[in-house]
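Open the model in your viewer and keep the selection tool at hand. We will go from one pair of residues outward to the whole chain.

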Amino acid sequence: MYHHTLLPRRLRALIPSILLVLLTLLPAAAPLRSAGVIYVVPGGAGAQTGADWASAKDLQAALQSAASGDQIWVKAGTYKPTTGADRSANFQLKSGVAVYGGFAGTEDSLSQRDPATHISALSGDLLGNDSGAVTSSNPTRSDNSYHVVTSNGTDATAVLDGFTITAGNANGASFEVQGGGLLNVKGQPVLRSLIFTNNSAVTSGGGMFNYISSNPTLHDSSFINNAADDNGGGLSSSGNSVFTSSITMSRMIFSGNTAPFGGGIFSESSDLIINHAVFRSNGATMVGGGIVSNYGHTIIAQALFNGNTAESYGSGMAYYKADATISQVTFSANWSKNNGGALVNDEGSPHIRNSIFWGNQGGQIYNFPVGNAPDVQFSLVQGGYITGTHILAADPLFADADGADNIAGTPDDDLRLQAGSPAIDAGSNAFIPSDLTDDNHNNDVNETAPFDLDSNPRLDGAIVDLGPYETQIKVRLISTPPPAGTYGSSYSHTFTTTAVLPVTYSVTAGILPPGLALNATTGLLSGIPTAAGTYSGIIITAGNADGSANQTFAILIHPAALTITANNKIRIFGAPNPPLTASYSGFVNGDTPDNLDTPASLTTTATITSPPGGYPITASGAADANYDITFIPATLTITSGRTYLALVSR
Ligand SMILES: [Ca+2]
Ligand SMILES: [Ca+2]
Ligand SMILES: [Ca+2]
Ligand SMILES: [Ca+2]
């Protein structure tokens, strides 16, 4: 820390002049300026210094001049890699430079932009003549850029955020046959809020091609209507035996992309981590409408595969010698001409958890060779899954499986779960995926996923649902129905709920047994029943601002046990029968014999002429709705005079 004092004085004196020499050696063309914002509008404006909106640069010029730490703010409009005809020109991203689109051209802070409203498009349609099909051979695309964007060799400080990338057509030679929208070789850029649409490639990755040692992250982005003539209509990612690649994606949409192999995504010797994604209406003319994964590791969490098609196998996904973890995924209304309506597992080893396979044409899960079955647990599989554990096979009761158009597999399908779906609370919480892409921005990727595909809490109630959507019930009555009670006996039952906010309990239909009352705050139903009977059709509602839950039940109030015991009597032979009496055991609620609907009658067979002996006294006839009455008889003993005296003196 005292190094400067060790410098010889003469050397210290030289330092200013050394600095001066170094400064003069810097090329004059590189202006010394602090990192900041470079403003961009189509074609540039004013003095084109990039210092503000009024003197904005064009995008290509801004990228050329940007230094590490710069941001480039790009006004809405269309930007092409060149004003000429050089199909190899492209927008090359830079490490340390973040390029943001979506500005109206008036903003002074990043948070004011809105890419959904102010479309900043990067277009490879150099002649501006594109029409018709998005195919590499379409003549109106023969002028288009081979790659609209490249991010080769960048690190994770290269950012592209808030753009539509369109009209790339990689139909050249060498690398210019793949990645029409974006080519990423040995790059690790952060790609956010991008729409890749109408890009094509003569081999791989119509929308984007990712190749060896490339580990980009892609968030909040869509691949729509891209095409490749070989594989990966939307996205293709490849490693090789030495250099693997890995793509981490969250909140993605792949829709309407086509290729022979992997309409949405083709991945080979590459790892895929996908959290929150919709694969819809992608098509493979051969295998893997949604995804093909060959070799490599794939994690797919909280995703929907709907309306994808494959002319051969595996309309949702196809795995070849790849391992995969598939959790909280729904496959529905995918169409495969042959097998694997949802999934083909070809010598792979998928682990499938908390997922739904329903209504796919071509069967649900197809294994090749037969017997090489994925490990399926806590999932709903149409037709069942014989080697799985905790498998349901009942209709999952999607909210609207074929949507308003009544055609399954089109974008209006609603594959959330209806109330009463067997898939609600049918998963295993142990298999909730982790927060792979840190969707709650707390730098913890090991905690369980906080959000479902709708960005609702992933866990509602005590147990996770199957599929990507968690039904938000919010308020649940979780207690068992109230038990039976007994007339005159203290009764207590507490209704319990799971809810974030406190709930209020009320009786919304039927009548509680008399004597019982419901505490609106605690849910305690208590009291002493004052009338036996069956009280049916009672509905208890627990509710708060989030919603409410009902429970319908009957309460049976049993009669109390009452024993009427006739009293033994004795009389002397020849005397009239004494008054017959009885004792009562079991009265509650202050009842007396006078409260009985029908009083007990006491009879004996003895008459005034009956000889000495024992005669039964029978209690009977008493009846009351509140009592379950047992009668116990007694004996009238008729004695001779001497015996009578002995008995009564005892
Ligand atoms: Ca064109
Ligand atoms: Ca539909
Ligand atoms: Ca987190
Ligand atoms: Ca649940």
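**Stop 1: a covered strand**

Select Leu 182 and Met 208: Met 208, in strand 13, is the bridge partner of Leu 182. This is a predicted model. Now widen the selection to strand 10, residues 182-185. Strand 10 runs parallel to strand 13, and 4 bridges join the two.

Next, select strand 13 itself, residues 208-211. Are its faces covered or open? Both are covered. Met 208 and Asn 210 lie on one side, Phe 209 and Tyr 211 on the other, and all are buried. In a regular strand, side chains alternate between the two faces of the sheet.

Stay on Tyr 211 and add Ser 238. Tyr 211 stands opposite Ser 238, which belongs to strand 17. Show strand 17 in full, residues 235-238. Strand 17 also pairs with strand 13 through 4 bridges, and the two run parallel.

**Stop 2: an open sheet**

Move on to strands 48, 46 and 51. They form an open sheet of 3 strands, in the order 48-46-51, with mixed pairing. Color strand 48 (582-585) and strand 51 (627-632). Each stands at an edge with a single partner strand, so one side of each has no neighbour in the sheet. From one strand to the next, the twist averages 20°.

Which residue of strand 51 is the bridge partner of Leu 562? Select Ile 629 to see the partner. Then show strand 46, residues 560-566. Strand 46 is joined to strand 51 by 6 bridges, and these strands run parallel.

**Stop 3: the domains**

Color the chain by domain. Domain 1 covers 33-230, domain 2 covers 237-471, domain 3 covers 485-558 and domain 4 covers 561-649. Hide domains 1 and 2. The C-alpha centres of domain 3 and domain 4 are 43 Å apart. Their contact takes 5 residues from domain 3 and 4 residues from domain 4. On the domain 3 side, the touching residues comprise 3 nonpolar, 2 polar and no charged.

**Stop 4: the whole chain**

Show everything again and zoom out. The protein chain has 4 helices and 52 strands. Its C-alpha atoms fill a box of roughly 145 × 70 × 45 Å along the principal axes. The radius of gyration is 41 Å, whereas a compact globule of 650 residues would have one near 26 Å.

Finally, color by burial. Buried residues make up 47% of the 650 residues. Of the contacts between residues at least 6 apart in sequence, 67% join residues at least 24 apart.

Notes:
Residues are numbered from 1 along each chain as its sequence is written. Chains are lettered from A and ligands numbered from 1 in the order in which they are written. This is a predicted model: local features need pLDDT of at least 70, side-chain atom pairs count only at pLDDT 80 or more; totals for chains, interfaces and linings use all residues. Two strands pair if DSSP finds at least two bridges between them. Axes are lines fitted to C-alpha atoms, for helices over the stretch in contact, and angles run from 0 to 180 degrees between N-to-C directions. Domain bounds come from an automatic or database domain assignment. Two residues are in contact if their C-beta atoms, placed from the backbone, lie within 7 Å. Ala, Val, Leu, Ile, Met, Phe, Trp, Tyr, Cys and Pro count as nonpolar, Asp, Glu, Lys and Arg as charged, and the others, Gly among them, as polar. A residue is buried if 20 or more other C-beta atoms lie within 10 Å of its own, exposed if 12 or fewer, and partly exposed in between; C-beta atoms are placed from the backbone. The radius of gyration is taken over C-alpha atoms; the globule rule is 2.2 Å times the number of residues to the power 0.38.
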